[in-house]
Amino acid sequence: QVQLVESGGGLVQPGGSLRLSCVVSGMLFSIYDMGWYRQAPGKQRELVANITNIGNTKYADFVKGRFTIARDNAKKTVYLQMNSLKPEDTAVYYCNGRNPFDTTGRDYWGKGTLVTVSS
């Protein structure tokens, strides 16, 4: 059974930092493309960043230069380092996994971790 479990969310002041982690089980992690999405209240879920199985990264414009995505295949974990946080970064952050070789295009999701940026 595939499981993605996020952690590291919390309350942080504007300008602060947080590191999110997503530990994966039940899948061959190293072949999966992984990503972080977020959903703010009343808004649609949106891509924050993703990292392919060979380490290529992509970022949404609104986080470029502030957030960094990384993966550790040995630990089956993907990280999101978030710096210079802004109130508009407040959202539930979700971990996503997708097998690029799976023609069904199935996505796997974690349950999310809440990030609140407020003074």
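Trainee: Which residues does L80 touch, not counting residues up to four places away in sequence?
Mentor: This is a predicted model. Contact here means heavy atoms within 4.5 Å. Leave out residues up to four places away in sequence, and L80 touches L18, R19, L20, W36, V48, A49, F67, T68, I69 and Y93.

Trainee: Which residues touch the most other members of the largest nonpolar core?
Mentor: That core holds 29 residues. L80 is on the list, and so are two of its contacts, W36 and Y93. The full set is M34, W36, V78, L80, M82 and Y93.

Trainee: Which strand gives the largest share of this core?
Mentor: Several strands each supply at least two residues, including β4 (33-39), β8 (77-82) and β9 (91-98). Strand β3 (18-25) is also one of them. With four residues, the largest share comes from β3.

Trainee: How many disulfides does the structure hold, and which residues are joined?
Mentor: The structure holds one disulfide. Its S to S distance is 2.2 Å, within the 2.5 Å cut-off. The link is left-handed, with -85° about the S-S bond. The joined residues are C22 and C95.

Trainee: How many residues apart are C22 and C95?
Mentor: C22 lies in strand β3 and C95 in strand β9. The pair links distant parts of the chain. The separation is 73 residues.

Trainee: Is C22 buried or exposed, and what about C95?
Mentor: Buried means under 20% relative accessible area. C22 has 0% relative accessibility, so it counts as buried. C95 also has 0%, so C95 counts as buried.

Key: Residues are numbered from 1 along each chain as its sequence is written. This is a predicted model: local features need pLDDT of at least 70, side-chain atom pairs count only at pLDDT 80 or more; totals for chains, interfaces and linings use all residues. Side-chain values use heavy atoms; hydrogens and water are left out. A nonpolar core is a set of buried Ala, Val, Leu, Ile, Met, Phe, Trp, Tyr and Cys residues joined through side-chain atoms within 4.5 Å. Buried means under 20% relative accessible area, exposed over 50%, partly exposed in between (1.4 Å probe, protein chains only).
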